[in-house]
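Trainee: I've got a model open and some questions about it. Can we walk through them together?

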Amino acid sequence: MLSLLYQEGPSTKGIFRRSGSAKTFKELKEKLDSGSEVDLACESIFVTASLFKDFLRNVPGSILSSQLCDKWVSVLDQGNNEEKIKSIQRLLEQLPRANVVLLRYIFGVLHGIEMRSEENQMNAFNLAICIAPSLLWPPVSSTPDIESEFIKKISSLVQFLIENCCRIFGDEITSLFGEI
């Protein structure tokens, strides 16, 4: 999924914003969940993006770890960008290695899409709004107002992560997929 999103996402207007066919999404999700072979290259990139966000929403405890939720939310309240980046790197060290590896690939894809935002209309802000709720959620449910405020904070964090991903994850993030 990430490879397809890396290839097609930068040239796809509204990637992650638009949904694919709900029927196709449901059928593909059932096939993937059953372990069947699926050729996503034959499907709409919007269905693939929806499947990927669904995958992220189903990571137990969220990929950024709901246990670290308060720390993630408070990152942007810290001093200058260098201090924020150091805090993010310390939080990444507390995550399981598999989560960090996946995050590097995710932000490699998001960076590639953001670099062509004039074409696809998905700048870091727009990408963050679409993807942030799939990356982190609080450990307990809350009121709609608190949830809305939380989503705003997480979206700002994800926007910062996209805009600074090379400094956070390293410059090689731009070449993780090699020459596809």
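Trainee: Let's start at a helix end. Which residue follows α2, and what is its phi like?

Mentor: Keep in mind that this is a predicted model. Just after α2 comes a glycine with a positive phi. That residue is glycine 35, and its phi is near 90°.

Trainee: And α2 itself, how far apart are its end C-alpha atoms, and what span should we expect?

Mentor: The helix covers residues 22-34, which makes 13 residues. You count 1.5 Å for each residue but one, so the expected span is 18 Å. The model agrees, with the end C-alpha atoms 18 Å apart.

Trainee: Leucine 32 sits in that helix. Is leucine 32 buried, exposed or partly exposed?

Mentor: Its relative accessible area is 33%. Buried would need under 20% and exposed over 50%, so leucine 32 lands in between: partly exposed.

Trainee: Which residues make the nonpolar surface patch of about 230 Å²?

Mentor: A residue needs over 30% relative accessible area to join a patch, and leucine 32 has 33%. It shares the patch with two other residues, so the full set is Met1, Leu32 and Phe55.

Trainee: Next to Phe55 is aspartate 54, in helix α3 (residues 45-57). Is aspartate 54 buried or exposed, and which residues does it touch?

Mentor: Its relative accessibility is 13%. The cut-off for buried is under 20%, so aspartate 54 counts as buried. Leaving out residues up to four places away in sequence, aspartate 54 touches Phe25 and Lys29.

Trainee: Last one: what share of residues 1-169 is helix?

Mentor: UniProt, in an unreviewed entry, annotates that stretch as "domain: Rho-GAP". Strand comes to 0% there, and helix to 66%.

How values were computed. Residues are numbered from 1 along each chain as its sequence is written. This is a predicted model: local features need pLDDT of at least 70, side-chain atom pairs count only at pLDDT 80 or more; totals for chains, interfaces and linings use all residues. Side-chain values use heavy atoms; hydrogens and water are left out. UniProt positions are given in the numbering used here, feature names are shortened, and annotations may be inferred rather than shown by experiment. Helices (H or I, at least four residues) and strands (E, at least two) are DSSP runs, numbered from the N terminus. Patches are made of residues with over 30% relative accessible area and no salt bridge: like charges are joined within 9 Å, nonpolar side chains (Val, Leu, Ile, Met, Phe, Trp, Tyr) within 5 Å. Accessible areas come from the Shrake-Rupley method with a 1.4 Å probe; for residues, only the protein chains shown count as cover. A salt bridge is a side-chain nitrogen of Lys or Arg within 4 Å of a carboxyl oxygen of Asp or Glu. Buried means under 20% relative accessible area, exposed over 50%, partly exposed in between (1.4 Å probe, protein chains only). Contact means heavy atoms within 4.5 Å.
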